[in-house]
Amino acid sequence: MIKLDKRLSSILNEIEGTVLADIGCDHGKLTISALVNGKCQKVIAGDISADSLNKTISLVKELGFEDKVECRVSDGFENIHEDLDTAVIAGLGGYEIKDILSKPFPQIKRFILCPHQNVMIARRAINQIGYGALKDYVVKEGKKYYQIIVAEKDLPLYDINELRFGKNEPESDDYYQMLKDRKAVLENRFLGKEIPKGEMQDEYQEIIRCLK
Ligand SMILES: C[S@@+](CC[C@H](N)C(=O)[O-])C[C@H]1O[C@@H](n2cnc3c(N)ncnc32)[C@H](O)[C@@H]1O
């Protein structure tokens, strides 16, 4: 019915329980797929933008899922107060995710995050709220790499060496390919010269460590 790319189907596979919140639902493909595939029984689909949310509302109506989806304009969890089994926040940046997680949110068993940039900031935010990563892995879609974080309570927090590139758990070739590609980008940028001290040098050294 709805075709998902590798990123969204990987996220879909991680959804568990009865009630899902899809934060930043936009097109609504994940919301509907979660129900169609029996990953949950009910979805609260939230988006900060009424225009974006309207795309989900249209899809929900078109496919006849009005009794299983509640659509709400909401900045993060601002208008979502019920207990949730899973909350997905995908396609937002690390700083937006940090902002959402710094405000009150309901009881949530599992977070699934897929930041499109600044993933390290999202990992710090997960540490900050006291959740730990059950999984943290990379999927490649076309030329882009996406990092998927599955976090629950009562699990060890990220240690300092895991903040930038995660845990590679479960292990995947995409993780190593992401690091090799990034290493090549940094090396090409400085064309054999030493990478200047600071953020990029730190990142480069970390890539070398992770590839060992
Ligand atoms: C790029 S789309 C991602 C859609 C979908 N989650 C995915 O991963 O394919 C980002 C969506 O997040 C919404 N958004 C941005 N900030 C938000 C916030 N603080 N709370 C809820 N939604 C937000 C945007 O309006 C937009 O619809």
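Asp154 sits in the loop that links β7 to α6. In this predicted model, Asp154 has a phi near 60 degrees, a positive value in a residue that isn't glycine. Asp154 is also exposed, at 77% relative accessible area. The strand at one end of that loop, β7, is another story: seven of its ten residues are buried, so the rest of the structure largely encloses it. Here's the rundown, starting with backbone oddities and moving on to the sheet, the helices, the cores and the cysteines.

**Backbone oddities**

- As background, most residues other than glycine have a negative phi, and most peptide bonds are trans.
- Asp26 is another non-glycine residue with a positive phi, about 50 degrees.
- You'll find Asp26 in the loop between β1 and α2, where it counts as partly exposed at 23% relative accessibility.
- The peptide bond joining Glu169 and Pro170 is cis, with omega at about 0 degrees.
- Pro170 belongs to the loop between β7 and α6, which is also where Asp154 is placed.

**The sheet**

- Seven strands make up an open sheet with mixed pairing, and the order reads β3-β2-β1-β4-β5-β7-β6.
- At the edges are β3 (69-73) and β6, each of which pairs on one side only.
- Ignoring direction, neighbouring strands of this sheet are turned by 15 degrees against each other on average.
- β7 (residues 144-153) runs antiparallel to β6 (residues 131-141), and ten bridges join the two.
- Within that pairing, Gly132 stands opposite Glu152 of β7.
- β6 and β7 form a hairpin with two residues between them, and Gly142 in the turn has a positive phi of about 60 degrees.
- β5 (residues 108-114) is also antiparallel to β7, joined to it by four bridges.
- On the β5 side, Ile112 faces Val150 in β7, while Leu113 stands opposite Ile149 in β7.
- Helix α5 packs on the sheet and touches β5, β6 and β7; the direction of α5 makes about 0 degrees with that of β7.

**Helix α4**

- Which residues of α4 (residues 94-101) are buried? They are Gly94, Ile97, Ile100 and Leu101.
- These buried residues cover an arc of only 120 degrees around the axis, which puts them on the same side of α4.
- As a reminder of the geometry, an α-helix has 3.6 residues a turn, so residues three or four places apart point the same way.
- The packing partners of the buried α4 residues are β1 (19-23), β4, β5 and α5 (119-128).

**Nonpolar cores**

- In soluble globular proteins, nonpolar side chains tend to be buried together.
- The largest nonpolar core here has 28 residues, and those with the most contacts inside it are Ile11, Ile15, Leu20, Leu30, Val88 and Ile148.
- Two or more residues of this core come from each of α1 (6-13), α2 (29-36), β2 (42-47), α3 (50-63), β4 (84-90), β5, β6 and β7.
- α2 gives the most to this core, with four residues.
- What does Val88 touch, leaving aside residues up to four places away in sequence? Its contacts are Ile11, Ile15, Leu20, Ala21, Asp22, Ile23, Leu30 and Ile112.
- There is a second, separate core of 26 residues, with Ala21, Ile44, Leu84 and Ile89 among them.

**Cysteines**

- How many disulfides does the structure hold? It has zero.
- Take Cys25: the closest cysteine sulfur is in Cys71, 6.2 Å away, which is too far for a bond.
- Cys25 is buried, with a relative accessible area of 2%.
- Cys210 is in no disulfide either, and the nearest cysteine sulfur, that of Cys114, is 19 Å away.
- With 14% relative accessibility, Cys210 counts as buried.

Definitions and conventions. Residues are numbered from 1 along each chain as its sequence is written. This is a predicted model: local features need pLDDT of at least 70, side-chain atom pairs count only at pLDDT 80 or more; totals for chains, interfaces and linings use all residues. Side-chain values use heavy atoms; hydrogens and water are left out. Buried means under 20% relative accessible area, exposed over 50%, partly exposed in between (1.4 Å probe, protein chains only). Two strands pair if DSSP finds at least two bridges between them. A nonpolar core is a set of buried Ala, Val, Leu, Ile, Met, Phe, Trp, Tyr and Cys residues joined through side-chain atoms within 4.5 Å. Contact means heavy atoms within 4.5 Å. The arc is that of the directions from the helix axis to the C-beta atoms. Axes are lines fitted to C-alpha atoms, for helices over the stretch in contact, and angles run from 0 to 180 degrees between N-to-C directions. A disulfide is a pair of cysteine sulfur atoms within 2.5 Å.
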